[in-house]
Amino acid sequence: MTVAHIVFLLGLVGLIVAMALRKNVLIPAVVATFATALAYDGNVASAVMAVFRATLTAGGALFEIFVVIAAVTSMLAAMRTIGADELMVRPFGRWMINGRVAYVVLFVVTYLLSLFFWPTPALALIGAVLLPAAIKAGLPPLGAALALAISGQGMALASDYVIGLAPSISASGAGVPADDIADCALVLSLIVGLTAAVLAWFLTIRKEIVRHSAGLVSATDDPGTGGSVSGRPALHPNGDLPTPENDHTAPVGTVADIDLPGTLTPVLTRPTRARAWAIGVPATFGLVLVYMMLGRFTDLVPWSDGAGASLVGGTALVLMAAVTLTTRPADALEHCATHFVDGLVYAFKAMGIILPVAGFVYLGIPDYSGSILGLEDGTGPAFLFDTVESIQTYIPDNGLFAAFSMLLIGMLIGLDGSGWAGLPLTGGIAAALAPQAGMDTATLAALAQNAATWTGGGTLVIWSSLIVVAGFCRVPVGDLVRRLAIPVVSGLLVAAVAAVVIW
């Protein structure tokens, strides 16, 4: 290996260490990119330009992700202005006749909403309507928090099957079709989620379920509203994100509430139109899901790899415009623009840190490294693949070992509290390890994606979006993590074995 290879390897180690210490990875990624480029050709000016080109290359490859997030978020903001978001989920509350049924209903509805709208926006809907109904039916707040975390922050986000952003990020490093990773990730996420849900029931929820009387939950002290009589999340008094050091009770009002577009917008009185869109939006996305399934598994409709994100994003934008035009016709043009811009801001705040990390990982992949280093012929070095190839003789030629290795790497990367910043890295490592281990690249990438997302997405670290779940349910976030640890880790181990057996 050359000096540049060694520097790149040290940069990878530095990124993983920074994530494990839950530090921001922006500076390590920039420094590692600069140092690797400098070691490659010795030109300081070229190394400085490589830092910019790496981020630009990552932005070009991943910009679709930001637009889809903006589209879905802007659509929810438009629905929120007429109260259609709450009406959309309210009927499910009638099914909660006791604590056991409430656990199942809350789990299933959270999973479905999170698949289409992502967990954090979906949590605002669930917390306002379904959570109070579940607790009144007899589900303890801790049981509700476990259901929300496992189904939304874990199972739905780990596969991201409908929107398809996580598989796209993993595929950018793995060099395989995103749909292949999505299919594997869906199966693995279901294995982890169902295993965790069953274990959580027997280890915690079954022992604590008691029937709550209707008087236990009041309008001003409601686990689902965070003290907001209107049924919408109340903001944290100082607007700061609670941290493990200063707030273990995880009050409602985290950055997710503050940044979510439309949260503080006054609700218009449009009952008829709100009901129409509360039915129309999920019905439309149901048709989208049917179309996607037909495209992926049959020849009845045209389909291409990664088309799910475009289909969902386009549908969300059309629905956002339709909702706004039919409810605010006089100033619809201005409000549509505001919703979309707010959605873009939210998207870059949520996902922007991925760009410098992805840029550094792309520097180790020949499809991207040439343009990052400014090479005229466009072909660049394969630092990542060469590094793994140089040590492959020391790697056991065993699929189970590779699966558990990717599981561990994914969990380490997930310790940063997001779970997705390192997916280009895990995708690249999966591509490098797969031939030696006799495993499918998509399978290993999907396994690491699950491990990273379940860890940091999150269910296993208290500095993740799990704080929001704990805040809505008003349970200590530390206690929630402790109750999740055995079910989730057990599910991940079962999924690693299943990956080897199935694929």
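1. Let me start with a charged pair in this predicted model. Arg-482 makes a salt bridge to Asp-479, with 3.8 Å between the closest N and O atoms. Both residues sit in helix α22, 3 residues apart, so we are looking at about one turn of the helix. Arg-482 is exposed, because its relative accessible area of 59% is over the 50% cut-off.

2. Asp-479 has a second partner. Its salt bridge with Arg-483 brings the closest N and O atoms to 3.5 Å. These two are 4 residues apart in helix α22, which again means about one helical turn between them. Through the shared partner, Asp-479, Arg-482 and Arg-483 are joined into one network. Arg-483 is partly exposed, since its relative accessible area is 28%. The salt-bridge count for the structure comes to 2.

3. Which helix gives the largest share of the nonpolar surface patch? That is α22 too, with 5 residues. The patch covers about 710 Å² and is made by Val-187, Leu-400, Phe-404, Val-489, Leu-493, Val-497, Val-501, Ile-502 and Trp-503. At least two residues come from each of α18 (399–414) and α22 (477–502). Leu-400 is one of the patch members; you'll find this residue in helix α18. With a relative accessible area of 36%, Leu-400 counts as partly exposed.

4. Have a look at Leu-199 as well, in helix α10. What does Leu-199 touch once neighbours within four places in sequence are left aside? The contacts are Thr-204, Ile-486, Pro-487 and Ser-490. Pro-487 is 288 residues away from Leu-199 along the chain, yet their C-alpha atoms are separated by 5.3 Å. Leu-199 is partly exposed, because its relative accessibility is 27%.

5. On to the aromatics: the structure holds 8 aromatic pairs. In one of them, the ring centres of Phe-66 and Phe-348 are 4.4 Å apart and the planes meet at 20°, so the pair is stacked. Phe-66 belongs to helix α3 (residues 44–80) and Phe-348 to helix α14 (residues 332–351), so this pair ties together parts that are 282 residues apart in sequence. Are the two rings' residues buried or exposed? Phe-66 is buried, at a relative accessible area of 2%, whereas Phe-348 is partly exposed at 39%. Separately, Phe-8, Tyr-40, Phe-360 and Phe-383 form one aromatic cluster.

6. Thr-441 is worth a click. This residue lies in helix α20, which covers residues 441–459. Is Thr-441 buried or exposed? Thr-441 counts as buried, because its relative accessibility of 14% falls under the 20% cut-off. Not counting residues up to four places away in sequence, Thr-441 touches Ala-174, Val-176, Ala-430, Ala-431 and Ala-434.

7. Now the chain as a whole. How many helices and strands are there? The secondary structure comes to 22 helices and 0 strands. Of the 503 residues, 58% are buried. Among contacts with a separation of 6 or more, 77% link residues 24 or more positions apart. The accessible surface is about 19,200 Å², and carbon and sulfur atoms account for 67% of that area.

8. Finally, confidence. The mean pLDDT of the chain is 80, and 83% of the residues reach 70 or more. Which element has the highest mean pLDDT, and which the lowest? Helix α10 (residues 178–208) has the highest, at 93, and helix α11 (residues 255–259) the lowest, at 37. So where should the caution go? Over residues 211–259 the pLDDT stays under 50, and the model has 101 contacts beyond four places in sequence for that stretch. Leu-199, from point 4, is in helix α10, the element with the highest mean pLDDT.

How values were computed: Residues numbered from 1 in each chain as written. Predicted model: local features only at pLDDT ≥ 70, side-chain atom pairs only at ≥ 80, totals over all residues. Heavy atoms only, no water. pLDDT = per-residue confidence, 0-100. Contact = heavy atoms within 4.5 Å. Buried < 20%, exposed > 50% of the residue type's maximum accessible area, 1.4 Å probe, protein only. Areas by Shrake-Rupley, 256 points an atom, 1.4 Å probe, with all protein chains shown as cover. Patch = residues over 30% accessible without salt bridge, like charges linked within 9 Å, V, L, I, M, F, W, Y side chains within 5 Å. Salt bridge = Lys/Arg side-chain N within 4 Å of Asp/Glu carboxyl O. Phe/Tyr/Trp six-rings, centres within 6.5 Å; stacked < 30°, edge-to-face > 60°.
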